[in-house]
Amino acid sequence: YPSALRRRQGCPIQFDVPSGPLLWGTVFPQLTATFADHVAPGSQAWGAVDDKWGRVPWEHQTETVQDMVTASDNGQSGHFLWIPVGMGKTYIVLKYLRNLMDRSQLPPYVVYTLPS
């Protein structure tokens with residue numbers, strides 16, 4: 001599905017996502033099934049997932065992580081963050097993944113996309 005996911009030229013492990021809705025609605029379920037069936041033998045467990053600088057979160061970051069946790073607890077399997085540049089999207093994702101890890105709910109893989 002090149003309309004949904006394209007390998008970035010010159011970068012074998014980076015991809016561009018021209019159409020997020022197509023990726024999430026059509027391709028992501030297929031990727032999920034493929035990844036679930038092909039976990040590499042001897043795969044390592046997740047390493048440290050946290051903010052290595054020990055920053056204090058802003059209020060909107062704490063609220064967003066809690067909203068993501070609540071949505072996940074209610075069965076939502078994906079999240080969409082629309083926050084201006086520099087407002088801590090990566091931090092939010094790390095804290096959310098840490099929460100899942102602490103509750104033994106972190107999946108064996110995570111697909112994290114952002115606009116190019």
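**Figure 1. A nonpolar surface patch in the predicted model, formed by W24, F80 and W82.** In this predicted model, the three residues of the patch together have about 460 Å² of accessible area. F80 lies in the loop between α2 and α3. The relative accessible area of F80 is 55%, so this residue is classed as exposed. W82 is exposed as well.

**Figure 2. The aromatic pair F80 and W82.** One aromatic pair is found in a search of the whole structure. Its ring centres, those of F80 and W82, are 6.1 Å apart, and the ring planes meet at 10°, so the pair counts as stacked. Both F80 and W82 also belong to the nonpolar patch, together with W24.

**Figure 3. Overview of the protein chain, with three helices and two strands.** Read from the N terminus, the order of elements is β-β-α-α-α. The chain has 116 residues, and 19% of them are buried. About 8600 Å² of the protein chain is exposed, with 58% of this area supplied by carbon and sulfur atoms. Of the contacts between residues at least 6 apart in sequence, 54% join residues at least 24 apart.

**Figure 4. The largest nonpolar core, with 11 residues.** Its members are V49, V65, M68, V69, I83, I92, V93, Y96, L97, L100 and L106. Two elements, α2 (59-73) and α3 (89-102), each give two or more residues to this core. The largest contribution comes from α3, which gives five residues. As background, nonpolar side chains in soluble globular proteins tend to be buried together.

**Figure 5. Surroundings of the core residue L100.** Neighbours within four places in sequence are left aside in this view. Beyond them, L100 is in contact with S72, Q105, L106 and P107. Among these partners, L106 is itself a member of the largest nonpolar core.

**Figure 6. T64, a buried residue of helix α2.** The relative accessibility of T64 is 16%; because the cut-off for buried is under 20%, T64 falls in that class. When neighbours within four places in sequence are left aside, the contacts of T64 are L81 and I92. Of these two, I92 is also listed in the largest nonpolar core.

**Figure 7. The salt bridge between D73 and R103.** Two salt bridges are found in the whole structure. In the one shown here, the side chains of D73 and R103 meet with an N to O distance of 3.0 Å. The pair links distant parts of the chain, with D73 in helix α2 and R103 in the segment after α3, 30 residues apart. D73 has a relative accessible area of 47% and is partly exposed. R103 is also partly exposed, at 31% relative accessibility. In general, side chains of opposite charge can pair when their charged atoms come close.

**Figure 8. The salt bridge between R98 and D102.** The closest N and O atoms of this pair are 2.9 Å apart. Both residues are in helix α3; because they are four residues apart, about one helical turn separates them. R98 is partly exposed, with 26% relative accessibility.

**Figure 9. S104, a residue other than glycine with positive phi.** The phi angle of S104 is near 55°. S104 is placed in the segment after α3, where R103 of the salt bridge with D73 is also found. With a relative accessible area of 70%, S104 is exposed.

How values were computed: Residues are numbered from 1 along each chain as its sequence is written. This is a predicted model: local features need pLDDT of at least 70, side-chain atom pairs count only at pLDDT 80 or more; totals for chains, interfaces and linings use all residues. Side-chain values use heavy atoms; hydrogens and water are left out. A nonpolar core is a set of buried Ala, Val, Leu, Ile, Met, Phe, Trp, Tyr and Cys residues joined through side-chain atoms within 4.5 Å. Buried means under 20% relative accessible area, exposed over 50%, partly exposed in between (1.4 Å probe, protein chains only). Contact means heavy atoms within 4.5 Å. Patches are made of residues with over 30% relative accessible area and no salt bridge: like charges are joined within 9 Å, nonpolar side chains (Val, Leu, Ile, Met, Phe, Trp, Tyr) within 5 Å. Accessible areas come from the Shrake-Rupley method with a 1.4 Å probe; for residues, only the protein chains shown count as cover. A salt bridge is a side-chain nitrogen of Lys or Arg within 4 Å of a carboxyl oxygen of Asp or Glu. Rings of Phe, Tyr and Trp (its six-membered ring) pair if their centres lie within 6.5 Å; planes under 30 degrees apart count as stacked, over 60 as edge-to-face and the rest as tilted.
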